[in-house]
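Q: I am new to this structure and would like a close look at a single part of it, taken slowly and with the reasoning spelled out. Please choose one stretch of the chain and follow it from one residue to the next.

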Amino acid sequence: MSNVDIVYTCHEYTGELKMQASEVSQLRFIDICDLPEDIFPPNRPAIEDYINKNKT
């Protein structure tokens with residue numbers, strides 16, 4: 001089994017988020033510093049790497 005995630009970063013957004021209920025349980029923007037604890041474990045290293053490379 002393989003997991004492929006495509007992630008985009010967004011600095012500005014206008015409009016309305018549109019959720020496909022069959023695909024996700026919720027859709028929202030969150031601050032990178034307020035990520036939920038229950039992130040899918042295989043994704044955590046890539047997210048932490050992004051945070052560490054983009055600290056201001």
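A: Helices here are DSSP runs of H or I of at least four residues, numbered from the N terminus. With that in mind, the part to follow is the segment that comes before helix α1, where E23 is found, and the helix itself, α1, spans residues 44-53. The model is a predicted one, and what follows should be read in that light.

E23 is a convenient place to begin, because its relative accessible area of 59% makes it exposed, the cut-off for that word being over 50%. Its C-alpha atom is separated by 25 Å from that of C33, although 10 residues is how far apart the two are along the chain. M19 also lies in the segment before α1, but with a relative accessible area of 43% M19 is partly exposed. Between M19 and T9, which are likewise 10 residues apart in sequence, the C-alpha to C-alpha distance is 18 Å.

M19 takes part in something wider, since a nonpolar surface patch of about 530 Å² is made by M19 together with Y13, L17, V24, L27 and F29. Of these, F29 is also found in the segment before α1. L17, another member of the patch, can be set beside I39, for the two are 22 residues apart in sequence and their C-alpha atoms are 21 Å apart in space.

I39 itself lies in the segment before α1, and its relative accessibility of 16% is why it counts as buried, a word kept for values under 20%. D38, also found in the segment before α1, is exposed, with a relative accessible area of 66%. From D38 to N54 there are 16 residues along the chain, and a separation of 22 Å between the C-alpha atoms.

The largest pocket of the model can be described alongside this segment. About 1,600 Å³ of space lies in that pocket, and 32 residues line it, with V7, Y8, I30, I32 and L35 lying nearest its centre. By type, the residues of this lining divide into 20 nonpolar, seven polar and five charged.

Following the chain onward leads into helix α1 and to its charged side chains. Side chains of opposite charge can pair when their charged atoms come close. A search of the whole structure finds two salt bridges. One of them joins R44 and E48, whose closest N and O atoms are 3.8 Å apart, which falls within the 4 Å that a salt bridge requires. R44 and E48 are four residues apart in helix α1, so about one helical turn separates them. Both are at least partly open to the surroundings: R44 counts as partly exposed at 26% relative accessibility, and E48 counts as partly exposed at 39%.

The side chains of D49 and K53 also meet in a salt bridge, at 3.3 Å from N to O. Here too the two residues are four apart in helix α1, and therefore separated by about one helical turn. D49 is partly exposed, its relative accessible area being 38%, whereas K53, at 63% relative accessibility, counts as exposed.

Taken from its start, then, this account passes from exposed E23 and the patch that includes M19, through buried I39 and exposed D38, to the pairing of R44 with E48 and of D49 with K53.

Terms used: Residues numbered from 1 in each chain as written. Predicted model: local features only at pLDDT ≥ 70, side-chain atom pairs only at ≥ 80, totals over all residues. Heavy atoms only, no water. Patch = residues over 30% accessible without salt bridge, like charges linked within 9 Å, V, L, I, M, F, W, Y side chains within 5 Å. Areas by Shrake-Rupley, 256 points an atom, 1.4 Å probe, with all protein chains shown as cover. Buried < 20%, exposed > 50% of the residue type's maximum accessible area, 1.4 Å probe, protein only. 1 Å grid on protein atoms, 1.4 Å probe; cavity = no way out; pocket = protein on both sides within 12 Å on 5 of 7 lines; lining within 4 Å. Points joined across faces, edges and corners; volume = space filled by probe spheres on them. Nonpolar A, V, L, I, M, F, W, Y, C, P; charged D, E, K, R; others polar.
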